[in-house]
Number of protein chains: 2
Amino acid sequence: MTRLDRSEIERWFQSFQARFTEALQDIEEQAELIVDLWERPDGGGGETRILSGPGAIEKAAVNFSAVHGPTPPRLSESLAAKSTEFAATGVSIIVHPANPFAPAFHANVRFFETDAGHAWFAGGADLTPNYLFEEDARHFHGHLRAVCDRHDVADYHSWKAACDSYFYLEHRHERRGVGGVFFDHLQDELAGVWAFQQDFAESLRDAYVPILEERKDTPFAPNHRRWQLIRRGRYAEFNLVWDRGTRFGLETGGRTESILASLPPAVVWEYGAEPDPDSPEARLLAEVSGPPRSWVS
Amino acid sequence: MTRLDRSEIERWFQSFQARFTEALQDIEEQAELIVDLWERPDGGGGETRILSGPGAIEKAAVNFSAVHGPTPPRLSESLAAKSTEFAATGVSIIVHPANPFAPAFHANVRFFETDAGHAWFAGGADLTPNYLFEEDARHFHGHLRAVCDRHDVADYHSWKAACDSYFYLEHRHERRGVGGVFFDHLQDELAGVWAFQQDFAESLRDAYVPILEERKDTPFAPNHRRWQLIRRGRYAEFNLVWDRGTRFGLETGGRTESILASLPPAVVWEYGAEPDPDSPEARLLAEVSGPPRSWVS
């Protein structure tokens, strides 16, 4: 196939970062926005955007990066063909809503290229509720399913299964939430994958923002907030203990503040916090501890 | 040398757990105490004690365990002589004070034995202030130095250096705090090491509790609490990303709630939180980012 133009991909990712930031600002008009441009000593750089507001969004990060340079040994090990130079570009998004009934959202889209002639796309999106609203899970998965169905290169069902298996806290025997899709090493039919990647990224707004809109003003009590903070502890545990991207970044000298921008703004760890049987909290736990469900036919 | 009696060590560790819990209850009289007896499916068990109070101690854990069974593959890999059965017993202590000016405290004492005739002690103690009081660091290190000086098998200076190097957050280029001592694989002169281990454990109370007593009622403002919660984020990052004991436990199916009892009760992650130059917060950062200091001659 024709070789993709990486700088075109980078420009598109950067414009997507701007659009997604605006989508969040639409729902959080008085948000404080931190924009941090940074350079990577070994090559490239990025733009970290942190949004936090008095309203719907306690903290969100919409981060763009386009880095290049000598292939880190840890990356080289995982590749079939040895390379000496690599480039990676992508956007990662995380939203930690203020309201305990609104789910956290994570997504990323990424492109990699090495001087060994190897190029691939990766990405995914997943939803992490503190309280289970089945209609939210159906809405989210419905949008992911729809964008996958529009592209021959996409496979919702196997990517949904990969997401369930990736976002798993082995030490808790819990999945992180109600999943989504996860794909990696998409290296065939790159032009088709790139078309999918753009469509996928653009569909994230409709997949998530209406859910946040629906839940952001739900009345809640201190016990709901406490449960949200406890569940955010699981989120921090997943990112710091299991997430391959986070660990790879921290262990290879990535930009710590950008990598850890995914961590929740406030977290509680409480010993042996067990919800009452039959409570909404117990229902969420049963959902993330049981076998993954189908959310769309 | 004579073979040590593991059940005697276990009994002593359990009595030490009780004494240290009481020392904390002396300073936090109205503390709520959770006592959780647990069994390990593959052999042995433990007693997790969680203390939290309205006063000095926001959360403390004083955990005893005595486990045995088939040697986990991950442990076996790290040993010179292959073994099929192992036993491990120990007490681990963590104190997260309520007052931002009072430092967090961690210590553990451990004994291991395999059926390949291999036995060793390990342990350590370290202090993690949010604000640097040099006299606290000197008091703490002074006690550790004194107990080491009483025993030929102990070496304060190399164990102090090992502690500085172990409690290091590579991704932050920060040490966790002002250090202490860290020792592992003490396998020669076991009777002498056991005598040291008991003296070391008993000295922890005087090494730490007077500091907590001194700082617990210091007046503080919301900005001090915020800094405490940010520094606790580093503590969580260290334990979840770098601490070998925590990761070993989580990856080999240890008892999650006991292992993660070390995590702070409440944590904040704030993007790019940089203290003002010349502030007490900046002084702490300079201390943990600069070369380790000598606290006792």
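In this predicted model, a useful place to begin is D136(B), an aspartate that is buried, with a relative accessible area of 8%. Its partner is R215(B), and the two form a salt bridge in which the closest N and O atoms are 2.9 Å apart. The arginine of this pair, R215(B), also counts as buried, at 9% relative accessibility. Because R215(B) lies in helix α5 (residues 190-215) of chain B, while D136(B) lies in helix α3 (residues 134-149) of chain B, their contact ties together parts that are 79 residues apart in sequence.

Helix α5 of chain B takes part in another such contact, for D199(B), which is located in that helix, meets the side chain of R150(B) in a salt bridge with an N to O distance of 2.9 Å. Here the partner R150(B) sits in the loop between α3 and α4 (156-166) of chain B, and the pair links distant parts of the chain, 49 residues apart. As for its surroundings, D199(B) counts as partly exposed, with 21% relative accessibility, whereas R215(B) in the pair described before counts as buried.

A further salt bridge in chain B brings a strand and a helix into the picture, since the side chains of E113(B) and R6(B) meet at 3.0 Å, taken from N to O. The glutamate E113(B) belongs to strand β5 (residues 104-114) of chain B and the arginine R6(B) to helix α1 (residues 6-27) of chain B, so that this pair links parts of the chain that are 107 residues apart. Within the pair, E113(B) is buried, at a relative accessible area of 8%, but R6(B) counts as partly exposed, at 25%.

Over all chains, a search of the whole structure finds 52 salt bridges. In chain A, some of them share partners, and in this way E134(A), R138(A), R283(A), E287(A) and R293(A) are joined into one network.

What, then, of the cysteines, and how many disulfides does the structure hold over all chains? The count is zero. For C163(A), the reason lies in distance, because its sulfur is 11 Å from the closest cysteine sulfur, that of C148(A), which is too far for a bond, given that a disulfide needs two cysteine sulfur atoms within 2.5 Å. In chain B, the sulfur of C163(B) is likewise 11 Å from the closest cysteine sulfur, in C148(B), and this too is too far for a bond. Both cysteines are buried, C163(A) at 1% relative accessibility and C163(B) with a relative accessible area of 1%.

Conventions:
Residues are numbered from 1 along each chain as its sequence is written. Chains are lettered from A and ligands numbered from 1 in the order in which they are written. This is a predicted model: local features need pLDDT of at least 70, side-chain atom pairs count only at pLDDT 80 or more; totals for chains, interfaces and linings use all residues. Side-chain values use heavy atoms; hydrogens and water are left out. A salt bridge is a side-chain nitrogen of Lys or Arg within 4 Å of a carboxyl oxygen of Asp or Glu. Helices (H or I, at least four residues) and strands (E, at least two) are DSSP runs, numbered from the N terminus. Buried means under 20% relative accessible area, exposed over 50%, partly exposed in between (1.4 Å probe, protein chains only).
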